[in-house]
Amino acid sequence: MRTAAPLDVIRVRRDFPIFDRAIRGKPLVYLDNANSTQKPRAVLDAERRFYETGYANIHRGVYLLSQEATEAYDRARARIAGFLGAKNPAEIVFVRGTTEGINLVASSWGRANLGPGDEVVISEMEHHSGIVPWQLACAATGAVLKVIPITDAGELDLDRAASLIGPRTKIVSLIHVSNALGTINPVAEVIALAKRHGVPVLLDGAQAISHGPIDVEALGCDFYAFSGHKLFGPTGVGVLWGRAALLEAMPPYQGGGNMIHTVTFEKTTYAPLPFKFEAGTVNIAGALGLHAAIDYVEGLSWDAIAAHERALLSRALDRLGAIPGVVFQGSPAHRAPVMSFTVDGIHPHDVGTVLDAEGIAIRAGHHCVQPLMARLGVPATIRASLSFYNTADDVEALASGVRKAIEVFRG
Ligand SMILES: Cc1ncc(COP(=O)(O)O)c(C=O)c1O
């Protein structure tokens, strides 16, 4: 077996201008990557280049700038299709992010396919954006939400999944990787269960997208949503991939310019895919930035990234686990480099404040997974989430920061 050359993290960090900045007089230790990721210069340059020398709206112009912008936007779509293993660029819909992608499916597919008594199956570890859009769809159609529970280890209970996915199930919507626990869900197994009943599966790829290659055809899912900003790209742009046959059959999500074929006061006909779902002026610069982000990350090696992140995760679990009073939430066997923990007797926000004074950025709170927090029996956790530009020093800084918080608050 060939092993990839190790990631040259010092060199990689030079691609990210933010690491030149001191935070509260200290080097930045950025461990909030599950929330959002930092941007390499290539992404900043792509957006800047577009606005400085190539800017025009797309699809509307007969002039050169508009034609160039349209071509660049189309290239971004094709690049993303390749990145996701999608067969057809028309299956790539640009949206604002994961949240909008899931809302699009829940609203449009939901309106067309759900009715009273139908069941939508989600899991207990969903992000709010994998819960609330389906609650809205259920309220509008009379469908019912069913929730696959998790085990104490923070893994999906597959036996319960097998009994919940049944003849009334109309769709399964599942988080690929948990943003709070790092659990990598057995999506192949869940997709197999859903296929037995002939129902589509939506995967929330917000967290999975930055840790390894995704191939939607190999996965066998039907919808896949992710956000550009969690993949080292800009905010305000994301992707919904859907199978063409499903997208074709769905009504538009929003109406407006660009998504129509003809409009009269009596009747409107819609543009073909993907434009039917891209009403109004889209985030052109965002799409180009996302294209640059994908080029950047694929210019590294996923194998090297995975090896680096695995080593950091194991160091972090080891160092934090050695601190008396640190309690990890969940211990999934397959996990992304994301850890949630609490410290006995100290509120997560207080730990976060001490860490911030050390220049360490983590997230303290409910991480948009209140039902999961309720299942874990905690109101909030401290979450440290790693990326390929983190170092062993970052992990050591986190562990000493947590020790310091304990000294400060326990005396
Ligand atoms: C698993 C998961 N799903 C959905 C989202 C929502 O992403 P966005 O806010 O970019 O739409 C997040 C963001 O934290 C997430 O972690």
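Arginine 24 is exposed in this predicted model, with a relative accessible area of 56%. Because exposed means over 50%, arginine 24 falls in that class. Arginine 24 sits in the loop between strand S1 (22-23) and strand S2 (26-27), and its phi is positive, about 50°, although the residue is not a glycine. A second residue of this kind is cysteine 368, a non-glycine residue with a positive phi near 60°. Cysteine 368 belongs to the loop between S16 and helix H13 (370-376) and is partly exposed, with a relative accessible area of 22%. Most residues other than glycine have a negative phi, and most peptide bonds are trans. The peptide bond between leucine 273 and proline 274 is cis, with omega about 0°. Proline 274 lies in the loop between strand S12 (268-270) and helix H10 (284-299).

The strand S16 that precedes the loop of cysteine 368 is part of an open sheet of four strands, ordered S13-S14-S17-S16, with antiparallel pairing. Strand S13 (326-328) and strand S16 (363-365) stand at the edges with a single partner strand each, so one side of each has no neighbour in the sheet. On average, neighbouring strands of this sheet are turned by 35° against each other, direction ignored. Within the sheet, strand S14 (residues 338-343) and strand S17 (residues 381-385) pair in the antiparallel sense over four bridges, and methionine 339 stands opposite alanine 384 in S17. Helix H14 packs on the sheet, where it touches S13, S14 and S17. The direction of H14 makes about 15° with that of S14.

H14 comprises residues 392-410, 19 residues in total, and reaches 27 Å from its first C-alpha to its last, close to the 27 Å expected at 1.5 Å a residue. Its buried residues are Asp394, Val395, Leu398, Ala399, Gly401, Val402, Ala405 and Ile406. Seen down the axis of H14, these buried residues fall within an arc of 155° and therefore line one face of the helix. An α-helix has 3.6 residues a turn, so residues three or four places apart point the same way. The face of H14 turned away from the buried side carries the exposed residues Asp393, Glu407 and Val408. Glycine 411 follows H14 and has a positive phi, near 75°.

Aromatic contacts are a further feature: the structure holds 14 aromatic pairs. One of them joins phenylalanine 328 and phenylalanine 341 in an edge-to-face arrangement, 6.2 Å centre to centre with 70° between the planes. This pair links distant parts of the chain, since phenylalanine 328 is in strand S13 and phenylalanine 341 is in strand S14, 13 residues apart. Phenylalanine 328 counts as partly exposed at 26% relative accessibility, whereas phenylalanine 341, at 0%, counts as buried. Elsewhere, Phe16, Phe19, Phe232, Tyr296, Phe388 and Tyr389 form one aromatic cluster.

The final residue to consider is alanine 225, in strand S9 (residues 223-227). At 0% relative accessibility, alanine 225 counts as buried. Leaving aside neighbours within four places in sequence, alanine 225 is in contact with Thr98, Gly101, Ile102, Leu203, Asp204, Gly205, Ala206, Val239 and Leu240. The C-alpha atoms of alanine 225 and threonine 99 are separated by 8.2 Å, although the two residues are 126 residues apart along the chain.

Technical notes. Residues numbered from 1 in each chain as written. Predicted model: local features only at pLDDT ≥ 70, side-chain atom pairs only at ≥ 80, totals over all residues. Heavy atoms only, no water. Helix = DSSP H or I, 4+ residues; strand = E, 2+ residues; numbered from the N terminus. Expected span 1.5 Å × (residues − 1). Buried < 20%, exposed > 50% of the residue type's maximum accessible area, 1.4 Å probe, protein only. Arc of directions from axis to C-beta. Pairing = 2+ DSSP bridges. Axes fitted to C-alpha atoms, helices over the stretch in contact; angles between N-to-C directions. Contact = heavy atoms within 4.5 Å. Phe/Tyr/Trp six-rings, centres within 6.5 Å; stacked < 30°, edge-to-face > 60°.
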